[in-house]
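Q: Hi, I'm new to this one. Could you walk me through it?
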Amino acid sequence: MTTSYEPVIGLEIHVQLSTKTKMFCACELSFGEQPNSRTCPVCLGMPGTLPVVNARAIDFGLLIGLALGSEIAPRSIFHRKNYFYPDLPKGYQISQFDIPLCLGGRLGEVAIHRVHLEEDAAKLTHQGTSGRINDADSSVVDFNRGGTPLVEIVTEPDIYSAAQAREWLTLLRTTLRQLGVSDVNMEEGSLRCDANISIRPVGETTLGTKTELKNMNSFRFIERGIDAEIARQVALVEAGQTVAQETLHFDPASGTLTSLRSKEDSHDYRYFPEPDLVPIVVTQAMLAQAHAALPELPAQRAQRFELDFALTAEIARMLAFRTELGDYFEAAVGSRDCDDPAAIASWVTGELVARLGDGDPGDSKVTPQALSKLVGLVSTKQLTSGAGKSVLDRLVADGGDPAAVMESEGLAAMDSGDELAEAVADAIAANPDAVAKLRDGKEQAIGALIGHVMRETKGRADGGEVTRLVREQLGL
Amino acid sequence: MIDRDAVLHVAALARLELNSEEVERMAAELSAVLGHIEKISELDLEGVEPTSRVVELENVLRPDIPQPSLPVEVALAQAPAVSGGGFSVPGSGA
Amino acid sequence: MSEILDLTAAAAGAAVRSGELGASELFEFYRQRAQDDQLNAFTWVAEATPGEAAIDGPLSGVPLAVKDLFCTKGIVSQSGSRILEGFRPPYSATVVEQLENAGAPLFAKTNQDEFAMGSSNENSAFGPVFNPWDVTRVPGGSSGGSAAAVAAGSAPWALGTDTGGSIRQPASFCGIVGLKPTYGAVSRYGMIAFASSLDQAGVLTRDVTDAALLLSEMVGRDPRDSTSLEYPGSLVLPTGRDLSGIRLGVPEELTEGVEGIEPGVRAVFDDALRTAESMGATVETCRLPHAPHALSAYYLIAPAEASANLSRYDGVRFGLRVEGDGDLKEMYERTRSAGFGPEVKRRIMLGTYALSSGYYDAYYGRAQRVRTKIAEDFNTAFESFDFIVTPTSPSVAFKLGARTADPLAMYLSDYFTVPMSLAGIPAISIPAGLSEGLPVGLQIAGPAFSEQRILEAAYALEGAFAFDASGARRSGSK
Ligand SMILES: [Mg+2]
Ligand SMILES: [Zn+2]
C-alpha cells in the first residue's frame with residue numbers, strides 16, 4: 001500500500017514599506033540612485049550614532065496589523081539581533097523579537113502568527129565569476145537600501161499546496177497595495193517571500209521536519225520552488241531517507257534546489273532589548289487614525305460582492321483579489337445597463353479576462369458601460385451568448401457600442417419565426433443518425449442538431465428555442 | 001567554569017581570533033570574573049521585572065521627513081577599501 | 001602666564017568678557033600647555049589658535065578639551081582604540097556642538113581607556129596617562145586624560161563620559177570635580193558607545209562652579225537621541241553656604257566592613273561627614289540592600305551591550321582593516337583581533353557569553369532584575385534622605401601596573417560608583433582631602449534630575465573643605 005503525503009507550508013514575507021525615509025534615519029528611500037548616495041552616519045553604522053524610529057513606519061505597521069485582524073501590542077519594543085555580515089553595518093539588525101507590534105490575525109483561510117517591524121539590510125554585489133557568494137573573490141556593499149523599513153509577516157503553517165501559497169500571496173499583495181503601505185513588487189524586492197515546507201502522511205497531524213526555501217523573487221518561482229521542494233521531500237521519504245532541516249535556494253532557470261551553507265554560528269543571534277530605543281506604546285489616537293485610514297480590503301470586498309450581488313464565493317474572490325477587476329465590475333454594475341450583476345461578474349471573470357489576461361480592463365477599449373450593455377443584450381436574449389462573444393471580440397479590438405456592433409455585423413438573435421423553423425428542419429434532414437438516436441432516447445444526440453443550426457445561423461439562434469423546435473418538429 | 005571550548009565558541013561568535021595562549025588566559029580570567037558574578041544567582045528575584053533602560057520614555061518618534069544624505073565621497077571617505085562606488089569586502093571564501 | 005593658570009574656567013570666562021583677557025590669548029595659553037603636556041593626557045591638540053573671532057555665548061571663549069570618544073567633525077576620534085585608527089567622523093557629537101555654540105571652542109582631545117573600558121587609563125592604544133599628583137600612579141579611568149589634563153592645568157575644563165564611574169573615579173584620583181548627570185539629561189549622539197543604557201557625558205572641572213556652568217550648556221533633549229529628555233528647569237551657578245536641613249544617607253552595605261577600603265580614604269570620608277554635620281546636615285546610615293550586587297550586574301550588562309556596540313568595528317566602512325588570506329571571516333577576525341586591546345576583548349567575550357544561547361536568563365536577564373532592585377533601593381532611600389554619600393573610590397590613585405594583571409581587582413575600583421550608574425541617577429565627586437598625599441573624593445548622589453541640589457551641596461562642602469590642588473597644576477606640563 002502506498003502512503004500519500006500532504007505538504008504543510010508556512011510563509012515569511014518581508015515587505016518594504018513605502019515611507020519617504022528609512023526606518024531609523026532621515027535618509028530618503030532609494031530607487032536606483034548612485035550607490036551609497038542615500039546614506040548618513042546613522043545608516044552607515046558610524047560610531048556614536050543612534051537610531052530614531054520613523055513614525056510613519058509605525059503607522060503603516062498598525063494599518064497592516066488591523067488589516068490582518070491582528071492583536072496590536074499595547075507596548076512593543078525593539079531588540080538587537082546580532083550577527084556579522086557586510087550588509088549589516090552595525091553588526092546587529094534592529095528588529096522586534098518577543099514583543100512584536102502585532103500578534104495573530106488571519107487573511108483569507110491562512111492564520112497569521114505575527115507581524116513585526118525591522119530594518120532592511122544593504123545590497124551586496126558579488127564580484128566572483130559565478131555571481132554567487134560562495135565563489136566570490138570580493139563583494140561590494142551599497143548601503144542605499146540599508147535601513148529601509150520592513151514589515152515581516154509570518155503565517156501559521158496553514159497552507160497545503162504551492163498553488164494555494166501563490167493564491168494567498170496574491171491576496172496579501174492586493175491587500176498591502178490597497179493599504180498603500182508598499183509597492184509590493186517582487187521583482188524589485190519590495191515583497192520577498194521565504195517558505196517553510198514540510199510533508200506528512202495524509203491523516204497525520206504532527207509536522208514533519210521543515211526546510212526553508214529562501215528569497216524567491218516572483219510568484220511563479222514561489223509556486224515552482226515549493227512544488228520542487230515538496231517533490232524532493234516526498235522522494236527522500238519514499239526512498240527511506242529523512243529530511244534534514246536546512247535552508248535551500250531554488251534556481252528557477254534549472255529548476256534545482258541547492259542547500260545554502262549553514263551558518264557557522266548556528267543562529268545564536270543573542271537577542272537583547274535595544275537600549276538606544278524606547279518602547280512603542282500604541283495610543284488610542286494612533287489606533288483611531290489607523291482605523292480611519294483603513295480602506296475596504298479585498299477579503300471584505302469579496303464578502304460584500306457575495307452578499308450584495310449574489311455572486312459565488314469563487315467569482316467574488318476573483319474580482320476582489322484583483323483590485324482592478326473589482327473596480328471594473330463595480331463600474332459596469334453601476335452603469336445600470338444591465339440588472340444582472342452575476343452575469344456581468346461572470347462575463348468579466350470569464351470572457352473578458354480570457355481576452356485581456358493580466359491586463360487592467362480599465363485600460364482596455366471595452367468601457368464598463370459597453371460591457372454592461374453587452375451583457376444586457378445577452379440577458380434579454382437580443383443576442384445569443386455565442387454572438388455576444390463575437391461582439392466582445394470586436395469591442396476588445398476596436399471599442400464602440402455593442403448594440404451598434406451587433407447591428408452592423410448582423411448578429412442579432414433570430415426570433416423563433418419561420419427562419420429558425422426552417423433552419424431546424426434543415427438540420428433534421430441533414431442529420432438522420434442523430435435523429436435516430438434521439439428517437440431512441442439518447443438525449444445528448446440533440447447536440448449535433450443544435451450545433452448544425454448554430455453554424456448555419458452564425459450563433460444567432462437561441463439554444464433553448466432550437467431545442468424546443470427540434471422536439472416539436474420530431475413530435476417528441 | 002568557562003572552558004577552552006566555550007572560549008573558542010564565544011570567540012567565533014564575536015569574530016575574535018585568539019591564539020592558544022590567549023584562549024587559556026581568557027578561560028582563566030573569565031572564570032574568575034564569572035565566579036564573582038555568580039553571587040547574583042543567590043538573590044531571590046522571583047517576580048522582579050527586568051530593567052533594560054532607566055528613562056521612562058515611550059513613543060519617541062521622528063516625522064517621516066527626508067534630510068540630506070552624505071555626499072557619496074564623504075560616505076566612502078573613511079573606508080579601508082572602495083570599489084565601484086561601494087565598500088569593498090573580501091568574498092566569503094570557497 | 002601663571003595668572004591664567006590660576007583662573008578657574010568661570011573666572012577666565014569673566015576675564016574674557018570684561019576684556020582683561022583675549023579669547024585667543026586664553027586659547028593659545030592652553031593650546032601650548034597641552035602641547036607641552038608630560039602626562040600623555042592628550043590624543044590631539046589644535047595646531048593653531050583661531051583668529052580673534054569673537055566668541056560669544058555664556059562660556060565666553062574658554063577652550064574645551066573633550067575625551068577622545070566624542071566624535072569631532074574632521075578630527076581623529078578613536079575612543080582610545082587602534083581599531084578606529086585615523087577615523088575622522090563627518091559629524092560632531094551633539095554635546096560638542098552645543099558647547100562650541102555656547103562659546104567653548106574645542107582645543108584638544110584627551111586620552112582614555114579604550115572604548116571607556118577601564119579604571120586606570122592603562123588600556124589605551126595611545127599608552128597610559130600619568131597622574132599629575134604622582135606620575136608613577138594612574139589618573140583613574142576611563143576619562144583619565146580629561147581628569148589629568150584639568151588637574152594639571154593643561155585644560156581649563158574637559159568633557160568625560162561615565163558608564164560605571166569613568167568620570168567620578170578619575171576626578172577623585174586627580175583631585176578635581178567630576179559630575180555624571182542623570183541618564184538621559186545629556187545627548188549621547190556622537191559619543192562612541194560603550195554600554196548604551198549606562199553611558200552618560202559629564203564634566204571634569206577644577207571646581208563646582210565650573211561644573212555647573214559647563215553642564216548648564218549640555219543638558220536637554222536631542223532629537224537624534226531617543227533616550228534623551230527635556231531637562232526639567234534650568235541649571236544655575238550654585239550659591240549654597242550651608243547644609244541646614246540636608247539629610248545625608250551613608251549606605252551601610254557600601255561602607256561597613258567593605259574589604260579593600262583604605263583606612264586613609266575612610267578617614268577623609270569620616271572627616272567629610274563631620275564637616276557636613278557641622279554645616280547643618282544630619283548624617284545617618286541608610287540601606288541599599290542590593291548595592292553589593294551592583295558590580296556583578298554591571299559587569300554583565302555593560303559587557304553585553306558593549307559586545308553588540310563593538311560589532312560595527314569590522315573593517316568595512318571605517319577604521320582599521322587587516323586582510324587575511326582573502327576570506328571575509330578571516331578579515332573580520334584579524335581586524336578585530338589586531339584592533340582591540342586585551343581588556344576590550346575580555347569584555348566582548350564576557351558580554352557575548354552572557355547573551356549567548358542558554359546563558360541569557362542566568363546572566364543578562366538576572367542582571368537586569370538586579371538592576372531593577374538597585375533602582376528601587378535608591379528610590380526607597382531617597383524617601384528619607386536628600387543624598388547618598390560614599391567615598392568615590394575605595395582607594396587613592398594606585399601605582400601604574402598594580403592591577404593590570406588582575407581584572408577582578410581592577411573592576412572592584414568601581415564598587416561605589418556603579419550602583420548610581422545602574423540606577424541612572426546623578427552623582428558628583430569632589431575632592432575632600434588627602435591620604436598619603438593623594439586626593440580622596442567624596443561622592444554625593446541624588447535622585448534623577450537633582451543636579452542643581454547636588455551642585456548646591458557640593459559647592460557648600462567645597463568651600464568648607466578648601467582643598468588645595470594648585471600643586472598638581474604646576475607639575476604636569478613643561
Ligand atoms: Mg526578518
Ligand atoms: Zn541614513
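A: Happy to! One term to begin with: donors are N, O and S atoms within 2.8 Å of the metal, and since water is not among the atoms, sites may look incomplete. Also keep in mind that this is a predicted model.

Q: Okay, so which residues coordinate the magnesium ion (ligand 1)?
A: His14(A) through NE2, plus Glu118(A) and Glu152(A) through OE, at 2.0 to 2.4 Å.

Q: And how are those donor residues spaced in sequence?
A: The pattern is H-x103-E-x33-E. Glu118(A) sits in strand 9 (residues 110-119) of chain A and Glu152(A) in strand 12 (residues 149-155) of chain A, so this pair ties together parts that are 34 residues apart in sequence.

Q: Are Glu118(A) and Glu152(A) buried or exposed?
A: Both are buried.

Q: Switching topic: how many residues are in contact between chain C and chain A?
A: 40 residues of chain C touch 32 residues of chain A. Ser226(C), Arg312(C) and Arg317(C) supply 21% of the area that chain C buries there, more than any other three residues.

Q: How much area do the two chains bury between them?
A: About 2,800 Å², with 61% of it on carbon and sulfur atoms.

Q: What about salt bridges between chain C and chain A, how many?
A: The count is one. Asp276(A) pairs with Arg188(C), and their closest N and O atoms are 3.0 Å apart. The interface also has 14 residue pairs in polar contact.

Q: What kinds of residues does chain C bring to that side?
A: By class, 20 nonpolar, twelve polar and eight charged residues.

Key
Residues are numbered from 1 along each chain as its sequence is written. Chains are lettered from A and ligands numbered from 1 in the order in which they are written. This is a predicted model: local features need pLDDT of at least 70, side-chain atom pairs count only at pLDDT 80 or more; totals for chains, interfaces and linings use all residues. Side-chain values use heavy atoms; hydrogens and water are left out. Contact means heavy atoms within 4.5 Å. Buried area is the accessible area (1.4 Å probe) that two parts lose on being put together, summed over both. A salt bridge is a side-chain nitrogen of Lys or Arg within 4 Å of a carboxyl oxygen of Asp or Glu. A polar contact is a pair of N or O atoms within 3.5 Å; within protein, one must be able to donate a hydrogen and the other to accept it, and residues adjacent in sequence count only if both atoms are side-chain atoms. Ala, Val, Leu, Ile, Met, Phe, Trp, Tyr, Cys and Pro count as nonpolar, Asp, Glu, Lys and Arg as charged, and the others, Gly among them, as polar. Donors are N, O and S atoms within 2.8 Å of the metal (3.2 Å for Na, K and Ca); water is not among the atoms, so sites may look incomplete. Helices (H or I, at least four residues) and strands (E, at least two) are DSSP runs, numbered from the N terminus. Buried means under 20% relative accessible area, exposed over 50%, partly exposed in between (1.4 Å probe, protein chains only).
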